[in-house]
Amino acid sequence: MSTVDTITVTPDATVRPVDCNEQPGRASMPKLGDADLELHSLHPSPSVEISNATSPADERYLAYHHLSSDEAVRRLLATADEVLHQHKKAALTQVSLRLHILKPTIIVSILSALGLIAFYVHAVVESDPYQSRATSALVEGILLLIMVVWDIWIQRREAKLTATEMVSRIQSIIEDVRVHGINQKQDLRIPTAIPTVSVARVIRDRNIYTYPWNLLVEDDVIQLAYGDTAPCRIQYVYSHFDLAPENTAPQYFLEKGEVFTPTLFGSPPNPSILHRAVLNEGQFHFRVVETPIRSMLSAALNFKRPDTVLSKQLSVFRLLYSRFIIWIVLAVSLIINIIRYAIPAARRSETKSQGTEMLLVLQVYALLPMLPLALPTYILMARSYANAQILSLFDALQSSNTEFEDKESVDEFDAAPPPMKDLRADWRAVWSRFLDQLIKVDIKFLARTTGLVDSLANTTVICAIDREGTVASAFPSVEEVFFLKGNGDSAVLDIASHAAEPGIKFEDRDWSDHMPLLKPLGLAALLNTDCGARLGKKRTELHRKSNQLHLHGRVKSSRQSFTFDAVKGYVARKTIQTFAPYHGSVMGKAVYHFEVPSMFSQVNEEVTSGTCHLFSEGTLELVLESCADYWDGSGLGEINEDVEKKILEFYQNAILADSQVVAFAYRPIQTSAIHPSIYTKPHIPIYLELPDQQESSANGSSNDVSSSVVKTPEKNKSRPLWRKALSRIDGPLDLRGGEEKGYYQEAVKAQTFLGMASYAYQPKANMIDFIEDLGLAGIRFVYFSSAPERESKSYAERLGLEIDWNACILLSSAQGDEPGYLDEHDVKARLPRGVENIRNHIEEVDDIPLHVGLFAECSPYSTREMVKIFQEYGEVVCCIGSSLGDMGVECFAMADISIAVDPLAAVKNRNAPHTGPIAPLVIGALLGSSPCALSLHSDTSVYSLSQIIREARTLADNARQMFVFYLGCQMSLVLTYILSYCLLLPPIFSGYQVMWVMWVLMPMICLTFMVTPHAEDVMTHMPVKNMDHVRNRWRYVRYGVLRFGVSVLVCCFVFVIALSKFAGHDPWSDVFGNFGNTSWLELDGEEQWALLYAQNCALVVWVVHMALTSGTFLSRTGNLKTHPPYHNIPWIVASILSILLQCCFFAISVAGRGTLGMGVLPWWVWFVAFVVGPVILVPVHEVVKVWDREEWKKFQKRSKLEFNTKL
């Protein structure tokens, strides 16, 4: 027997056997007292895969040509480089400089700059005396051109970074592999049957390694067992030692995602294949015919995510500006100035010289506030800060050990926001990440590609695309325990799993009445899952046993166990793995339920008496066939037809409830019947493969491998019971000197049936409450299940999802005319069947597919299509899935934002800097999660997502308010210009003054909006859909005119009074159309200073008003009482600083120029500007916010009604 361990086929959870009283013809069993038992509970442990990766290969591996590790890594890197180069080249060709230059705002800006420069030239030639405004116009034109160049550069840079962000991220992973290499030492042996962990056993350098699928390369030779999934297109490889040459033998292929079953080789299978499989102990060898990373990278790079909500809203405003607003403002301004120029010019010929300024410069000034040349820079700064805040908080949440807590004021019976941690991101970490996002171009979180903050804030659907290790524990836990009592009646104990705490506990109060049945299971649990318990070591949660192969998911006795003293009395001597890949129950079984019948047996010696006891666990088919009687707690009972029926009923109900069933058995081994190999080769497991049922029957074999155990229990009537009970080691024949496998084949017969346990995947800690809290936040949780309808509903019920009327849709295509639905109400509801029919159903029937939380019978393709349908109807989709799952990469890439969950703790620190060879699992997780913005550790609470969504919503709301306020400032200046033109006034503001306030002061105030504290009820708001943005535009126009109209009137009032006083006009109405003795190009020195003073006075008033107005914009709907602005300290500092800077700007502008003084202005001008104006201004803002709040409440009610309605 080879020293190389064999395989496990499917994940499962198992429990171990028991003690049995002395029976005739058997060795006596140890008596266990109550003092030897600790009353805890059963807990699962995962299985272990093949042997140590560094064990030497034998003939089985030399029989196949395979690659060296160096050659495989070279091919991997070459393929990745090729794909990345092609995609980067294609992505950069889409970033065109011409597109940026030809934007309407850029063209208008360039023309405006040229107009200002043209005015400077004209003024130099025509003005007398020289007008200082001409120099200002030259400076303004130059500044405009500089800002145009800067705007084009910054936007093109962002476009390039966005287009190549994914490529750069993957390239950095590939470069790390190139520099540090792949670590060939594998301390953890990962099972290949966890659906969310896509790994395969690959032969390289005459060793076997467990590698993620995305690290395989063409010509790799991999091992598959029945039940494993093909990582890509693969071809069966014949051994060189087989009789049939490969070039004449039939060729067998598996496509990516196909499950490897015995039907691949036909029925009956090729004898040479069967012979080789037995020699390889159930392993089949396949050659990889394509490099998986090529398709994986193409899938990750070729999908384009939808634009975010805020991006689309900005696009709407950008479109309105470029197509309508700019030209409307230009037309209105031009018409007014043509009229005001034409009439005076008809009366006085000298005014014709000011035509250039009036017909050109004034239009430029009217457009100047709306030119968004500085806006991209400040949006980039705000976005970088928001990203830095989210990432810093996310890191803090994952590293914090504090608990999530509800607020003390929240009643437990009321709908309330989710619990949060009282954490604040460290400002040094935020600043460092801010610089990384802004300057160093951090690519680890795809902040540009995913629109990190905006996508999180506006998420409307969270799609869980897989289960194990993501929304559920990675391994199943025990749910029910089945026993047979003395009269043949069945007893079932329900066990409640508490994911937040280690272990489980019984729900039944009378569980202690079954102690005679529970004791043997507790002993078996410790004996068969011993991970240092014999040495007194503390067992950890989900700890793997590394010294031998285990079947399925194991049960660990973390709470229902014997004391260590009881365990120390036993020594593990031999393990036996029995497989029946051609068992009748396998044929015709659905892929989801496919499992090779198998049984794990272990011989343990009791040290004190020297007796040996065999404990077995495994699939019901084999365990039941190996048993003739059952243990009822006090003695043995016969397994007759009625007993089998009860056993099968429990089994079938558990399978339909999406549970896994493990059966347990026991038998003593007489001292006289112990084979020498138990002591001479105790650590070498025995592999037994039962032959094909038909072959067995033809040869008269005594191995009973009937297909009727599960499917048709009635057929068991004709099966002789003695065939199951008879074992030759209990008879007079001495087999101790016989063939080793033959002995152990007899040793696993004639066992006593102990019971069964059903195992189910339980939701992760707080997952049920998390889903409920998402509903309060207007986020629908959608689970995509690959299981059939009934099994999917069973797990959905554990998650807390609705499973009744209109709750589940099947995405697999219909077979024939049958609807495929099991429940009558679903059939009558005419729910669509198949993802290809979803769109037509939404268009022609109803939108139920957009409201359900469960989709069953999903494939990777149908899941992607459903995500695409969600997006087509305005949903913002966040995908959650395994970082080690290969099937979810395309979903990750196409979703608005994706979050990878590490199903195993082994990859927890994968984002840490690499200093040496990198573990294959880490590389696989990095590549598999490359389209994801964030990655959750396996032990991170899902409430962390709630908290970052809350933070993202706050930041997005703040950014939206910042943008709206900035637009309001633009509107205010434009309206002020238009009103001044209507009043026949000279320019109320110069161009450089507008640049000063719109490029420096207002952005300084706006950026402080980002630190506004979150609203208490932000996680109860309904998010907007990503469609039909900025509706009711005229309502917002009315709001803007009302909110900024007061400031416009006050600024014009101050300008008129100041101009009249500084220029000496009396009465002040003389400034309307009569400023200047002749032409604006002939203003004398006093008139030029008067205009400059008046402009600065009006600008100071405008800045003060905008600083006050900004306080009312910190919250969209909250009033100053409920959301006082003084909670935002940076806003207070920025507002005061902006006023002080404007005063300094005023002083510098007029320093040493002229003999005018501020004393000429009457006190009541300042009283009106700084007292009367604000007294009117603030209430107007609050009244408009009341109107807006009512509209917002109506939207919330409509959205909640739509969210909770299923018709």
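The following exercises, each with a worked solution, examine salt bridges, cysteines, a helix pair and selected residue environments in a predicted model.

Residues are numbered from 1 along each chain as its sequence is written, and side-chain values use heavy atoms, with hydrogens and water left out. Because the model is predicted, local features need pLDDT of at least 70 and side-chain atom pairs count only at pLDDT 80 or more, while totals for chains, interfaces and linings use all residues.

**Exercise 1. Salt bridges**

Determine how many salt bridges the model holds, and characterise the pair Glu789 and Lys793.

Solution.
- Step 1: The criterion for a salt bridge is a side-chain nitrogen of Lys or Arg within 4 Å of a carboxyl oxygen of Asp or Glu. Applying this rule gives 35 salt bridges.
- Step 2: Glu789 and Lys793 form one such bridge, with an N to O distance of 3.2 Å.
- Step 3: Helices (H or I, at least four residues) and strands (E, at least two) are DSSP runs, numbered from the N terminus. Both partners belong to helix H23 (residues 789-799), where they are 4 residues apart, about one turn of the helix.
- Step 4: Relative accessible area classes a residue as buried (under 20%), exposed (over 50%) or partly exposed (in between), using a 1.4 Å probe and protein chains only. Glu789 is buried at 3%, and Lys793 is buried at 8%.

**Exercise 2. Bridges across the sequence**

Locate the partners of the salt bridges Glu865 with Arg839 and Lys1025 with Glu875, and state whether each partner is buried or partly exposed.

Solution.
- Step 1: In the bridge between Glu865 and Arg839, the closest N and O atoms are 3.3 Å apart. This pair links distant parts of the chain, with Glu865 in helix H26 (residues 860-872) and Arg839 in helix H25 (residues 838-844), 26 residues apart.
- Step 2: Glu865 is buried, with a relative accessibility of 13%, whereas Arg839 is partly exposed at 28%.
- Step 3: The side chains of Lys1025 and Glu875 meet at 3.3 Å, N to O. Lys1025 is in the loop between helix H30 (991-1007) and helix H31 (1033-1063), and Glu875 is in the loop between H26 and strand S26 (877-882), so this bridge ties together parts that are 150 residues apart in sequence.
- Step 4: Lys1025 is partly exposed at 29%, while Glu875 is buried at 7%.
- Step 5: Elsewhere, salt bridges with shared partners join Glu71, Arg74, Arg75 and Asp219 into one network.

**Exercise 3. Cysteines**

Establish how many disulfides the whole structure contains, and examine Cys463 and Cys808.

Solution.
- Step 1: A disulfide requires a pair of cysteine sulfur atoms within 2.5 Å. The search of the whole structure returns 0 disulfides.
- Step 2: For Cys463, the nearest cysteine sulfur is that of Cys879, 5.0 Å away. Cys463 is buried at 0% relative accessibility.
- Step 3: For Cys808, the nearest cysteine sulfur belongs to Cys858 and is 8.2 Å away. Cys808 is buried as well, with a relative accessible area of 1%.

**Exercise 4. A helix pair**

Describe the geometry of helices H2 and H7 and list the residues that make their contact.

Solution.
- Step 1: Axes are lines fitted to C-alpha atoms, for helices over the stretch in contact, and angles run from 0 to 180 degrees between N-to-C directions. The axes of H2 (residues 69-93) and H7 (residues 292-302) come within 9 Å and cross at roughly 25 degrees.
- Step 2: Angles under 35 degrees count as roughly parallel, over 145 as roughly antiparallel, 65 to 115 as roughly perpendicular and the rest as oblique. H2 and H7 are therefore roughly parallel to each other.
- Step 3: With contact meaning heavy atoms within 4.5 Å, H2 contributes Leu76, Thr79, Ala80, Glu82, Val83, Leu84 and His87, and H7 contributes Ile293, Arg294, Leu297, Ser298, Leu301 and Asn302.

**Exercise 5. Two residue environments**

Describe the surroundings of Ser1138 and Gly633.

Solution.
- Step 1: Ser1138 lies in helix H34 (residues 1129-1150) and is buried, at 0% relative accessible area.
- Step 2: Not counting residues up to four places away in sequence, Ser1138 touches Leu1001, Met1004, Ile1005, Val1103 and Ala1107.
- Step 3: Gly633 occupies the loop between strand S18 (627-631) and strand S19 (636-638) and counts as buried at 19%.
- Step 4: With the same exclusion of residues up to four places away in sequence, Gly633 touches Pro516 and Leu517. The C-alpha atoms of Gly633 and Leu517 are separated by 5.0 Å, although these residues are 116 residues apart along the chain.
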